[in-house]
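Trainee: I am new to this structure and would like a close look at a single part. Could you take the strand hairpin and the sheet around it, and go through them residue by residue?

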Amino acid sequence: MRVLAQVEHAAFDVPTGTFTIQLRDGAERTPVLAAIGALGYEPELLDGPPEHARRIDRLDAPTSTGVREGLVQARARGAPLLVALGGPFCRLCRLFEETTLEDERVRAALAAGAFLQVDVELEPAAARDFNVHGVPDFWLLDAEGRVVARVNAYLDPDEFLAVLGLTRD
């Protein structure tokens, strides 16, 4: 079996600069570990999620200035806040900007709430606030900062609108 076919999920943790790889059920560790070693890295095996993988249900006191301002704007409007974390280094983030954000339906849906794009390289505090493990990473927060939805993947316009619940079916 090819090495990549054994990987269920791989993510880069921006704050710590580490990769996390989750293997598929029944996957053989040996070829994956050998491939990582061939790249010059020393893998560490964990029994469960890494310590930095914490669940966030509410964003009470963000350290990121942009996120704080976005929440203030959302509260003032009584609207949700959609935070898109990414950066110019991310091919899928650029694709999102070029396709999904250019869709008229997406623009109309986003106009109903507050939308904040954050470059995690320029604002690492936002990556820490949201415990970002890979980009693009989208967070939909209600006006009080409670997490309504999170998607850590590229979404085309239809997927974006459906998954984040910004339109009615």
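**The hairpin and its sheet**

Mentor: With a relative accessibility of 18%, D142 counts as buried; buried means under 20% relative accessible area, exposed over 50%, and partly exposed in between, using a 1.4 Å probe and protein chains only. This is a predicted model, in which local features need pLDDT of at least 70 and side-chain atom pairs count only at pLDDT 80 or more, while totals for chains, interfaces and linings use all residues. Residues are numbered from 1 along each chain as its sequence is written, and side-chain values use heavy atoms, with hydrogens and water left out.

D142 meets the side chain of R146 in a salt bridge, 2.8 Å from N to O. A salt bridge here is a side-chain nitrogen of Lys or Arg within 4 Å of a carboxyl oxygen of Asp or Glu. R146, at 41% relative accessibility, counts as partly exposed.

Now the hairpin itself. Strands β5 (residues 137-141) and β6 (residues 147-151) run antiparallel and are joined by four bridges. Strands (E, at least two residues) and helices (H or I, at least four) are DSSP runs, numbered from the N terminus, and two strands pair if DSSP finds at least two bridges between them. Five residues lie between β5 and β6, and in this turn G145 has a positive phi of about 90°.

R150 of β6 stands opposite W139. R150 also takes part in a salt bridge with D137, at 2.5 Å from N to O. That pair connects β5, which holds D137, with β6, which holds R150, across 13 residues of sequence. The two ends differ in exposure: D137 is buried at 0% relative accessibility, whereas R150 is partly exposed, with a relative accessible area of 34%.

The hairpin belongs to an open sheet of four strands with mixed pairing, in the order β4-β3-β5-β6. Strands β4 and β6 are at the edges, each pairing on one side only. On average, neighbouring strands of the sheet are turned by 15° against each other, direction ignored; axes are lines fitted to C-alpha atoms, for helices over the stretch in contact, and angles between N-to-C directions run from 0 to 180 degrees.

On its other side, β5 pairs in the antiparallel sense with β3 (residues 81-86), over five bridges. F138 in β5 is the bridge partner of A84. Helix α2 (residues 65-77) packs on this sheet, touching β3, β4 and β5, and its direction makes about 175° with that of β4. Contact means heavy atoms within 4.5 Å.

At the edge, strand β4 (residues 114-119) includes D119. D119 is buried but has no salt bridge, and the nearest side chain of opposite charge, R94, is 10 Å away. For this purpose Lys and Arg count as positive and Asp and Glu as negative, with His and the chain ends not counted. Leaving aside residues up to four places away in sequence, D119 touches G86, G87 and P88.

F138 leads from the sheet to the helices. The whole structure contains four aromatic pairs; rings of Phe, Tyr and Trp (its six-membered ring) pair if their centres lie within 6.5 Å, and planes under 30 degrees apart count as stacked, over 60 as edge-to-face and the rest as tilted. One of these pairs is F96 with F138, tilted, at 4.6 Å centre to centre with 55° between the planes. F96 lies in helix α3 (residues 91-100) and F138 in β5, so the pair ties together parts that are 42 residues apart in sequence. Both residues, F96 and F138, are buried.

F138 also pairs with F160, edge-to-face, at 5.7 Å centre to centre and 75° between the planes. Here strand β5 is linked to helix α6 (residues 157-163), which holds F160, over 22 residues of sequence. The relative accessible area of F138 is 1%, and F160 is buried at 0% relative accessibility. F96, F138 and F160 together form one aromatic cluster.
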